[in-house]
Amino acid sequence: MYYLDNNIKTLDRIFDQHKREGYLRLDLNENPGGLDTDFIKEVLKDVDREFVSQYPETLEFTEVLADYLGTDITHLCLVNGSSEGIRYIIQAFSAPGGKIVGVVPTYAMFEVYSKMFGRNFIPVEYTEDLKMPIENIIAKLSPDVQLLILLAPNNPVGNAYTDEEVETLLKVAKEMEITVLIDEAYHYFCPKTYIKRALNDEHIFVTRTFSKLFSLAGARLGYVAGWPEGIAMVQKLCTPHNVNAFAMAFAKKIIQTDGMIDHLVALHKEGRDYLIKALDENGYPHHGDEGNFIFIKPRTDAVALVDRMKSEKGILIKHYSGIGMLGTCLRVTTGEKQYMERFMNALLELDK
């Protein structure tokens, strides 16, 4: 008898179908400027026939990354974007029918993977003013919950917990024997990180990606950090040669280039600060304390404005509905000042 997993049959997925080349891409939290062309050419100098034809070797880059993070390779697992690591943690550390607690709205794949593997995703909704009191999260926790997903910061809302709040959540999770996944995809856009907890304590994972600040979304690279026994379980789920050589070559060069990460952070901060000031000066309500994204309440219809931005200005943005006090609003990726100026000029021209 032919078989099809009913979890897959009933699973709703959305796949990008539209062509995005040639647009200013402020819709998927990528770095709209990308890496400098000269930097890209410098990395590609080492690409030859052997580089392309052989299977990627991960040990050297994992050692470089471990040294950068102040740990050793037993605490790290390279993955094909942090989304792959999230999938494996859900697979390994929760059971079919098991409970997973996470906030909503958030990165859609947390709930998608939960449904894919027959887990019970328990949402914790933001308040009307887009706050997330940790008491609301704790109220959903119980000894039969197997995984708690936290984000630092959360996409798309842009909130970050205080250190005291995270410590409280970790304490409660430990008492109830709940594994904790802290997604730090937007770590470099937020000063808080909990990777030391993942490196030093059991049943805490941190996932990170090179897609955002490092501009490697097209190369696909991320990693899971955690205690050695937990990392070993995640690695068992990895497909052979899951991380490509190009991604590791670029990531290695970025890490080893003095001042490059600080420079990328500074460029983003300048652009974000400009946009927030311009929004305030023009009376636009907005929300998003951390990350490289921001909610904006437009004066006119948000859905129509997204379409006009694309067709008339060549700018891709998103609209979200049901975002607390903002209702239906825009979600815009933040980046270098030149791109924020282009977006702001378009907004003022179209939104009237």
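Select strand β10 (residues 293–296) together with strand β13 (residues 327–333): they run antiparallel and are joined by four bridges. Helices and strands here are DSSP runs (H or I over at least four residues for a helix, E over at least two for a strand), numbered from the N terminus. Two strands count as paired if DSSP finds at least two bridges between them. Click on phenylalanine 295 and then on its bridge partner in β13, arginine 331.

You are looking at a predicted model, in which local features need pLDDT of at least 70 and side-chain atom pairs count only at pLDDT 80 or more, while totals for chains, interfaces and linings use all residues. Residues are numbered from 1 along each chain as its sequence is written, and side-chain values use heavy atoms, with hydrogens and water left out.

Now widen the selection to the open sheet of four strands, β9-β10-β13-β12 in that order, with antiparallel pairing. β9 (286–287) and β12 (318–323) are at the edges with a single partner strand each, so one side of each has no neighbour in the sheet.

Next, go to strand β3 (residues 99–104), where five of the six residues are buried. Buried means under 20% relative accessible area, exposed means over 50%, and partly exposed lies in between (1.4 Å probe, protein chains only). Add strand β4 (residues 120–125), which pairs with β3 in the parallel sense over six bridges; glycine 102 has proline 123 as its bridge partner in β4. Follow the chain from β3 through helix α6 (residues 109–116) to β4, a right-handed β-α-β crossover. Right-handed means that, with the strands pointing away from the viewer, the path from the first strand over the helix to the second runs clockwise. Then show strand β5 (residues 145–151), parallel to β3 and joined to it by four bridges. There, isoleucine 100 has leucine 147 as its bridge partner.

Keep α6 on screen for the largest pocket, with a volume of about 1700 Å³. Among its 48 lining residues, Leu28, Tyr107, Ala108, Met109 and Lys318 are the closest to its centre. α6 gives the most to this lining, with five residues. On a 1 Å grid over the protein atoms alone, a pocket is an open set of points with protein on both sides within 12 Å along at least five of seven lines; a cavity is a set where a 1.4 Å probe fits but cannot get out, and lining residues have an atom within 4 Å of a point. Grid points are joined across faces, edges and corners, and a volume is the space filled by probe spheres set on the points.

For the largest cavity, of about 80 Å³, select its lining, including Glu30, Phe189, His268 and Asn292.

Move on to helix α10 (residues 228–237), whose buried residues are Gly230, Ile231 and Val234. Look down the axis of α10: these residues fall within an arc of 100°, so they line one face of the helix. The arc is that of the directions from the helix axis to the C-beta atoms. Turned away from that side are the exposed residues Glu229 and Lys236. Alanine 232 lies in α10 too and is partly exposed, at 30% relative accessible area.

Last stop: threonine 62 in helix α4 (residues 59–69). Is threonine 62 buried or exposed? Threonine 62 is buried, with a relative accessible area of 8%. Leaving out residues up to four places away in sequence, threonine 62 touches Ile73, Leu76 and Leu78, where contact means heavy atoms within 4.5 Å.
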